[in-house]
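Biologist: I should like to learn how the features of a model of this kind are read. Shall we begin with the surroundings of the ligand?

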Amino acid sequence: MLACKTKSLNAFEGWIFMDLSNYCLESLSWRYAVKKFDSQKKIPSESIELLSQSLRLSPSSYGLQPWRFIIIENQDLKNELKAFSYNQSQMSDCSHLVVFQALEQIDEAYLSNFISLVSKIRSQPESHLEGYKNIMIQDLIKGPRSQQIPLWAGKQAYIAMGFLMSYASFLKIDTCAIEGLEPVKYDNLLNAKLAKSALGNTLVNTQNDLATANTPSNNYKTLAAVALGYRSPEDKYQSSPKVRFDKNQVIINL
Ligand SMILES: Cc1cc2nc3c(=O)[nH]c(=O)nc-3n(C[C@H](O)[C@H](O)[C@H](O)COP(=O)(O)O)c2cc1C
């Protein structure tokens, strides 16, 4: 499909492209906020891997990825989190739960580590990236936005939420975004679990972990979650028509 950017499509490519565009839009219409999941149906691990990639590929301001995503399959943990989510049934009936956390603070060490990562992946000397780093320092560490890092980071994390829910719909996996939860209770519970696990205080498990290597676990704060799974045939909301403003009320073409 990248071809359509650079050359006109032949008939076969055109047919595939039309089909894919329809498929994507139909999938977005098919998606709705599931209230009742089929608790017996589990998402295969290969699909969870694909969904994880959609989170990882999500864009962020300066590319700084000020987030982390905790994917929970463990039933006991989902049950515990349900108690901190106003007892919404999706929390325990879903197959997997993704908790979205964003950074509370960004410091110069985080930026330096990120620049090292860019340098390594793009084979660019760090000295060529000094200007880029200084812009980020002036903005996020010394500028007015330094007072609003949680807000800024949270916005980035919500972009990833959109990526995840859209991509899940393409895979015909159901979702429900959940903001109705108690973030501090989530943080306390999840940090205690992470401290016990091999991840400890830091997330160091890939070759590209430089940026997060020195970030304490409690520097991430919960914003929201997404329940993933398969809709129950009994969920009456699946037949509810979508409530959306008219296109001309929200889309302006100039
Ligand atoms: C950020 C966000 C938070 C939400 N929180 C909840 C929630 O806590 N519980 C719930 O049942 N639905 C929640 N929803 C679902 C919305 O109510 C739903 O997306 C909206 O009514 C539009 O309906 P649709 O998603 O079925 O098209 C949330 C949606 C978003 C995007």
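Biologist: How do the residues of the shell around the ligand divide into nonpolar, polar and charged?

Modeller: One first lists the shell and then sorts its members by side-chain class. In this predicted model, six residues of the shell are nonpolar, two are polar and three are charged. The list consists of Tyr32, Ala33, Lys35, Gln88, Cys176, Ala177, Ile178, Glu179, Gly180, Ala224 and Lys242.

Biologist: Which element gives the most to the shell around the ligand?

Modeller: That is strand 3, residues 174-178, with three residues.

Biologist: How is the fold as a whole to be summarised?

Modeller: One takes the elements in order and then the overall dimensions. The protein has 10 helices and four strands, and from the N terminus on they run α-α-α-β-α-α-β-α-α-α-β-α-β-α. The C-alpha trace spans about 55 × 55 × 40 Å along its principal axes. Of the contacts with a separation of 6 or more, 80% join residues 24 or more positions apart.

Biologist: What share of the residues is buried, and which residues have the most contacts inside the largest nonpolar core?

Modeller: Buried residues make up 26% of the 254 residues. The largest nonpolar core has 44 residues, and those with the most contacts inside it are Leu97, Val98, Phe100, Leu164, Ala225, Val226 and Ala227. Helix 8, residues 149-170, gives the most to this core, with eight residues. Ala227 can serve as an example: beyond four places in sequence, it touches Phe37, Gln90, Met91, Cys94, Leu97, Thr175, Cys176 and Ile178. Two of these partners, Cys176 and Ile178, are also listed around the ligand.

Biologist: How does one test the geometry of a helix, taking helix 2 as the case?

Modeller: One compares an expected span with the distance between the end C-alpha atoms. Helix 2 comprises residues 11-30, and at 1.5 Å a residue its 20 residues should span 28 Å; the end C-alpha atoms are 28 Å apart, so the two agree. As for its surroundings, helix 2 is hardly covered, and the count of buried residues in it is zero.

Biologist: Where does tyrosine 230 lie, and why is it classed as partly exposed?

Modeller: Tyrosine 230 lies in the loop between strand 4 (220-229) and helix 10 (247-250). The class follows from a neighbour count: tyrosine 230 has 19 other C-beta atoms within 10 Å, and therefore counts as partly exposed, since a buried residue needs 20 or more. Outside its neighbours within four places in sequence, tyrosine 230 is in contact with Phe37, Asp38, Lys41 and Asp174. Tyrosine 230 and tyrosine 32 are 198 residues apart in sequence, but their C-alpha atoms are 11 Å apart.

Biologist: Which residues other than glycine have a positive phi, such as one near 55 degrees?

Modeller: Tyrosine 86 is one of them, with phi near 55 degrees; it is placed in the loop between helix 4 (75-83) and helix 5 (90-93). Lysine 172 has a positive phi of about 55 degrees and is in the loop between helix 8 and strand 3. Tyrosine 86 is exposed, because 11 other C-beta atoms lie within 10 Å. Lysine 172 is likewise exposed, with 11 such atoms within 10 Å.

Biologist: Where is the pLDDT under 50?

Modeller: One reads the mean and then looks along the chain. The mean pLDDT is 91, and 91% of the residues reach 70 or more. The pLDDT stays under 50 over residues 1-5, which have five contacts beyond four places in sequence. Over residues 200-208 the pLDDT is also below 50, and that stretch has 13 contacts beyond near neighbours in sequence.

How values were computed
Residues numbered from 1 in each chain as written. Near = placed C-beta within 6 Å. Helix = DSSP H or I, 4+ residues; strand = E, 2+ residues; numbered from the N terminus. Nonpolar A, V, L, I, M, F, W, Y, C, P; charged D, E, K, R; others polar. Expected span 1.5 Å × (residues − 1). Buried ≥ 20, exposed ≤ 12 C-beta atoms within 10 Å, placed from the backbone. Contact = placed C-beta atoms within 7 Å. pLDDT = per-residue confidence, 0-100. Core = buried A, V, L, I, M, F, W, Y, C linked by C-beta atoms within 7 Å.
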